[in-house]
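Okay everyone, thanks for squeezing me in. Have a look at the screen and I'll talk you through what's there.

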Amino acid sequence: MPELPEVFVVSKFLKKEAKGQTIEDIVVRYSKMMDESMRKKLIGQTINDIETHGKYLIFKLTDYDLISHLRMEGKYYVSDPDVINKHDHVIFYLTDKVLKYNDVRKFGTFDLREKSQTYKIPPLSKLAKEPFEIDLDTFYAAIKKRRSPIKTILLNQGIIAGIGNIYADEILFQAKIHPLKIANTLTKKQAQTIIASSIDILTRAIKKGGTTIFSFKSDEEVGWFTQDLMVHTKANEPCKICQTKIGKIKVNGRSTYFCSHCQRM
Ligand SMILES: [Zn+2]
């Protein structure tokens with residue numbers, strides 16, 4: 001699932017391809033993804049900019065904000081209008097190109113909001129700040145109330161936005177905190193280290209084009225952070241710091257990788 005760095009990379013791609021273009025028509029091939037009323041409102045709108053918040057893309061249109069979440073497999077690409085892929089579910093006919101939303105799993109979502117309502121109603125009203133903007137006292141107060149493992153807390157978009165399964169593992173490794181450590185037992189210093197590690201890892205991941213390999217054509221800047229992963233997907237490999245074998249456990253159903261020596265309970 002794309003996390004903040006991957007969504008940021010997608011927004012850069014969309015800015016390059018779609019900013020300034022007007023939506024002249026839309027073909028919806030999977031009606032649950034976009035209803036007719038939304039489709040009609042979108043026609044004639046110009047894409048003035050593309051912003052991100054956590055894992056959400058926000059198309060800033062003339063009169064509305066279109067909020068797009070890629071979920072598991074969603075991706076955007078530009079291609080020949082005559083070639084329709086089986087999993088192209090929403091096709092945007094723009095001023096001089098065709099932008100396709102492709103989603104094998106069909107979990108992606110579109111929400112259209114009046115500009116004044118964008119952050120007042122879900123999904124964005126429920127979203128916490130990203131690590132870049134979050135305030136230590138707010139973050140620490142939120143985790144002090146929780147008795148869940150810290151790994152689970154980092155995935156909670158209402159507490160901190162943009163972190164998913166891959167980067168949560170990398171952040172906790174860098175912060176030297178065990179993923180099962182109960183949130184309300186963390187010190188303020190550890191909370192601060194988590195925020196600092198989050199900023200460092202997400203920034204480096206953005207520079208390297210994220211971790212997930214996307215199929216749209218900007219390959220040279222996509223997916224290179226895979227080489228920098230320290231623990232995620234490294235089960236049984238030696239830790240790059242201490243040579244202990246990397247462990248793999250499930251935390252709240254999610255595969256979790258850690259070093260039992262570097263990340264003591
Ligand atoms: Zn280690």
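I'll go from the overall shape to the two domains, then the core, and finish with some strands.

First, a heads-up: this is a predicted model. What is it built from? We've got 6 helices and 10 strands here. The radius of gyration comes out at 20 Å, and the globule rule gives 18 Å for 265 residues, which is close, so the protein is as compact as a globular protein of that length. If you'd rather think in boxes, the C-alpha atoms fill one of roughly 55 × 35 × 30 Å along the principal axes. As for burial, 37% of the 265 residues count as buried. And if you take contacts between residues at least 6 apart in sequence, 63% of them join residues at least 24 apart.

Okay, domains. The protein splits into domain 1, residues 4-126, and domain 2, residues 136-258. Their centres, taken over C-alpha atoms, sit 28 Å from each other. How many residues of each are in contact with the other domain? On the domain 1 side there are 13, and they meet 18 residues of domain 2. Two elements give two or more residues to that side of domain 1, namely α1 and β5, which is 75-78. The largest share, 6 residues, comes from α1. Sorted by class, that side of domain 1 has 7 nonpolar, 2 polar and 4 charged residues.

Now for the largest nonpolar core, which has 60 residues. Which members touch the most others? That would be Tyr167, Ile171 and Leu172. Helix α1, residues 4-18, turns up again here, giving the most to this core with 8 residues. Both domains take part: the core draws at least three residues from each of domain 1 and domain 2. Let's zoom in on Tyr167. If you skip its neighbours within four places in sequence, Tyr167 is in contact with Glu3, Ile201, Leu202 and Ala205.

Last stop, a bit of strand pairing. Follow β6, residues 88-94. It runs antiparallel to β1, residues 23-28, and 5 bridges join the two. In that pairing, Val27 stands opposite Ile91 of β6. Strand β6 is also joined to β7, residues 98-102, by 5 bridges, again antiparallel. There you can find Tyr93 opposite Val98 of β7. And what links β6 to β7 along the chain? A hairpin does, through 3 residues.

That's my tour, thanks for listening.

How values were computed:
Residues are numbered from 1 along each chain as its sequence is written. This is a predicted model: local features need pLDDT of at least 70, side-chain atom pairs count only at pLDDT 80 or more; totals for chains, interfaces and linings use all residues. A nonpolar core is a set of buried Ala, Val, Leu, Ile, Met, Phe, Trp, Tyr and Cys residues joined through C-beta atoms within 7 Å. A residue is buried if 20 or more other C-beta atoms lie within 10 Å of its own, exposed if 12 or fewer, and partly exposed in between; C-beta atoms are placed from the backbone. Helices (H or I, at least four residues) and strands (E, at least two) are DSSP runs, numbered from the N terminus. Domain bounds come from an automatic or database domain assignment. Two residues are in contact if their C-beta atoms, placed from the backbone, lie within 7 Å. The radius of gyration is taken over C-alpha atoms; the globule rule is 2.2 Å times the number of residues to the power 0.38. Two strands pair if DSSP finds at least two bridges between them. Ala, Val, Leu, Ile, Met, Phe, Trp, Tyr, Cys and Pro count as nonpolar, Asp, Glu, Lys and Arg as charged, and the others, Gly among them, as polar.
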